[in-house]
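Q: I have a model open on my screen and would like to learn how to read it. Could you walk me through a few features?

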Amino acid sequence: PESGSGLANSYRMKSGTFRIPGKRYFIVNDAPEVKKVLSAGAQVYPKGPVLQRMLRLLLGDGIFISNGPVWKRQRDMMEQALTLSHIRLVFPMMQSAVDLLLSRLENQGSKALNISEEMAFVTADIIFRTIFTKPLTAAESALIFRSFARYQKRVARLSPLFFIGARPEWFRWLLGDSAAAIRGVIRENTRVRLETYRTSGADDHDDILNGMMTAVDDKGRQFDLEELTDQIAVLFLAGHETSATTLSWAFYILGQCPHLQRAILAETQAVTEGGPVEYAHIRKLKAAADVFRETLRLYPPVGGFVREATCPVQVRDKQIQPSDAVVVLPWLLHRREDKWPDAHEFHPERFGCPKQQDTIRNYYYPFSAGERVCIGASFANQEAILIIASVIRRFEILPVTDCQPQPIGHITIKPDQNIRLQLKPR
């Protein structure tokens, strides 16, 4: 933003309000108030209806949009499925998808590469392999990519209708075919495994679906097929779309920062001693991790968390009433000019700077916080570090002069065009 512009003032404000017919929205943008909202408990500030209207057809009653006892049951069961031991077990499946990515990139030659498309494919392939222990087929991938792109575009165009509470039938007519196509792929792959498990009483796969099928609630109940479809749809949205977008931004920035590429390359070679990137290496690859973290700061894939107030509450000088919406915007928090030095510049070294740790603790929320913190954060970090380190070790990233993407807000914050880059084999 230009210095002194109205937009720049947004990066210094501590709170704000806006109104649409029948609804008040309160933006909280200061650490004490943000912590109150995100740590108050899911029952105090549940997910708002706008997000549910946008995503219900795609995610059903999945953990990302559910509330109350339904959400609590899902959260407990999904924590059983997504333990660190499961994430470690599925690492070889991540590696196989990344190896396939590297082979595709090597076959591109000297032409400009659509990195957005490649990141969309590899992250979808990873999430599919780690859930189902098998790769995404070409037909399934094409169907999912095409359908999700159409869903996002239509949601963006329909956004005013979601805010005014238009009738659900309108959304079903305009969004139902895209959502049904994606859910159909998920449901069919899940059904086959679930029927075998229910018939034999055993499942011999070390993958995420195994953890989801065997998870039980406090009454000993397991997920049924529709519930599994809902939760896997959430994992696809969270583990594919958001990761693909963030990685696309990361490689775009790396293309303009050769010094960061050299740092990642040197560290990766030292840590792995020239061998493949293994699970034990991930936590030691600080340079790749910090590039990912700084990309999440500047381009958080989820630009805002909208919560619904359930009781009267005072936020700074404003009185919030039940049914008012409270909004936390990582896009603004991550760029608070009075908190982050060079707030709009890319400096991954800030994450190792002792003087900036307080700001990082209080103004950095790429995965939300509190009870509703993203359940797949560890998975996303592991995946991103593996991809960044593996690609940089094999290729030098060069910019394409006529590609200058700008962020736009759909369901996630995306570049307004596919990001294209040149890859030069090392």
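Q: Which residue follows H7, and what is the sign of its phi?
A: This is a predicted model, and in it Thr-133 comes right after H7 with a positive phi, near 55 degrees.

Q: How many residues does H7 have, and how far does it reach?
A: A general idea helps here: an α-helix has 3.6 residues a turn, so residues three or four places apart point the same way. In this case H7 covers residues 115–132, which is 18 residues, and spans 25 Å from first C-alpha to last, close to the 26 Å expected. At its start, a side-chain oxygen of Asn-114 comes to within 3.2 Å of the backbone nitrogen of Ser-116.

Q: Is H7 mostly covered or mostly open?
A: Mostly covered: 17 of its 18 residues are buried.

Q: What lines the second largest pocket?
A: Rolling a probe the size of a water molecule over the atoms shows where empty space is left. Here the second largest pocket holds about 600 Å³. Its lining has 21 residues, with Ser-116, Ala-120, Ala-149, Lys-414 and Asn-418 nearest the centre. H7, H8, H11 and E10 each supply at least two lining residues. By class, seven are nonpolar, nine polar and five charged.

Q: Why does Glu-308 count as buried?
A: Buried means under 20% relative accessible area. Glu-308 counts as buried because its relative accessibility is 14%. This residue lies in strand E4, and its side chain makes a polar contact with that of Lys-23 at 2.5 Å. Beyond its neighbours within four places in sequence, Glu-308 touches residues including Tyr-45, Pro-46 and Asp-324.

Key
Residues numbered from 1 in each chain as written. Predicted model: local features only at pLDDT ≥ 70, side-chain atom pairs only at ≥ 80, totals over all residues. Heavy atoms only, no water. Helix = DSSP H or I, 4+ residues; strand = E, 2+ residues; numbered from the N terminus. Expected span 1.5 Å × (residues − 1). Buried < 20%, exposed > 50% of the residue type's maximum accessible area, 1.4 Å probe, protein only. Polar contact = N/O pair within 3.5 Å; in protein donor to acceptor, adjacent residues only side chain to side chain. Contact = heavy atoms within 4.5 Å. 1 Å grid on protein atoms, 1.4 Å probe; cavity = no way out; pocket = protein on both sides within 12 Å on 5 of 7 lines; lining within 4 Å. Points joined across faces, edges and corners; volume = space filled by probe spheres on them. Nonpolar A, V, L, I, M, F, W, Y, C, P; charged D, E, K, R; others polar.
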